[in-house]
Amino acid sequence: PIMLKGIIFDFDGVIAESVQVKTNAFATLYEQYGDNIVNKVIEHHEANGGISRFEKIKLYHESFLNKAITNEEIEELANQFSKLVVRKVIDSPYVPGVFKYIQKCYKKYKLFISTGTPTEEIKQILEGREIAQYFAEVYGSPEAKTLHLHNILSKYDLQSDELIFYGDSNTDLEAAKGKNIAFVLRLHPLNQNRFNNYKGKTIIDFNELLNFSMQG
């Protein structure tokens, strides 16, 4: 069997139960435009976890509001978004079992984070949760996840089959597939209806992995 050397985690919905925090923030950002727009924004956001907020804000303005938006305005909205989410993400509960799993694995494997959250912000969140020290490296936006994986493979001299990626969105799945990295989907109430036909490996939480690996 191939030796596992590294584990990649998405953050929202995989390490922390913070998916809803992001959804609520987008709703707040667009509430001035009415319920119809808010519903469209939420629907798109929930279907596209792992895509950066900068891309989403640009899209929502141009496609849903038919408004041109400058980079300065995108920055401004992204900053408002940041203020709405950081504290709440730091305070949101862990996905069951994941903290123990991280503590157990980091002695044996290199651990990485690949998230759509801006890099500086995710670092702040990991510090706030006091888990930054477990990760060899943390990758966020503006780089896409495909580039994160490319960098992990080359910088740490790893082969695709020496890695595993835990994610909860299609963005995670596609990035892993694109680099032939084994993917495990974390299913939760906010993503399960999008993965009705998914045939790959799934987990509900990390307790099942702990129990399994404690025995074996």
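**View 1. Nine helices and six strands make up the fold of this predicted model.** Helices (H or I, at least four residues) and strands (E, at least two) are DSSP runs, numbered from the N terminus. The radius of gyration is 17 Å, close to the 17 Å that the globule rule gives for 216 residues, so the protein is as compact as a globular protein of that length. That radius is taken over C-alpha atoms, and the rule is 2.2 Å times the number of residues to the power 0.38. Along the principal axes, the C-alpha trace spans about 55 × 35 × 30 Å. Residues are numbered from 1 along each chain as its sequence is written; because the model is predicted, local features need pLDDT of at least 70 and side-chain atom pairs count only at pLDDT 80 or more, while totals for chains, interfaces and linings use all residues. Side-chain values use heavy atoms, with hydrogens and water left out.

**View 2. Here is the protein's surface and what lies under it.** Buried residues account for 50% of the 216; buried means under 20% relative accessible area, exposed over 50%, and partly exposed in between (1.4 Å probe, protein chains only). About 11100 Å² is exposed, with carbon and sulfur atoms supplying 50% of it; the areas come from the Shrake-Rupley method with a 1.4 Å probe, and for residues only the protein chains shown count as cover. Take the contacts (heavy atoms within 4.5 Å) between residues at least 6 apart in sequence: 66% of them join residues at least 24 apart.

**View 3. Lys5 and Glu162 pair up in a salt bridge.** The closest N and O atoms sit 3.2 Å apart, inside the cut-off for a salt bridge, a side-chain nitrogen of Lys or Arg within 4 Å of a carboxyl oxygen of Asp or Glu. This pair links distant parts of the chain: Lys5 is in the segment before β1 (6-9), and Glu162 is in the loop between α7 (145-155) and β4 (163-167), 157 residues apart. Lys5 is partly exposed at 40% relative accessible area, whereas Glu162 is buried at 12%. A search of the whole structure turns up eleven salt bridges.

**View 4. Lys22 reaches Asp12 across ten residues of sequence.** Their closest N and O atoms are 2.7 Å apart, making a salt bridge. Lys22 belongs to helix α1 (residues 19-30) and Asp12 to the loop between β1 and α1, so the pair ties those parts together. Both residues are buried.

**View 5. Helix α4 carries a salt bridge between Asp91 and Arg87.** The N to O distance is 3.0 Å. The two residues lie four apart in α4 (residues 71-91), about one turn of the helix. Arg87 counts as exposed, at 52% relative accessibility. Elsewhere, Asp10, Lys145 and Asp172 are joined into one network by salt bridges that share partners.

**View 6. His61 sits in helix α3 (residues 53-64).** His61 is buried, at 7% relative accessibility. Leaving out residues up to four places away in sequence, His61 touches Tyr30, Tyr33, Asn66, Lys67, Ile69 and Leu77.

**View 7. Gly116 takes its place in strand β2 (residues 110-118).** At 15% relative accessibility, Gly116 counts as buried. Gly116 touches Gly50, Ser52, Ser141 and Lys145, not counting residues up to four places away in sequence. For a sense of scale, the C-alpha atoms of Gly116 and Lys155 are separated by 20 Å, with their positions 39 residues apart along the chain.
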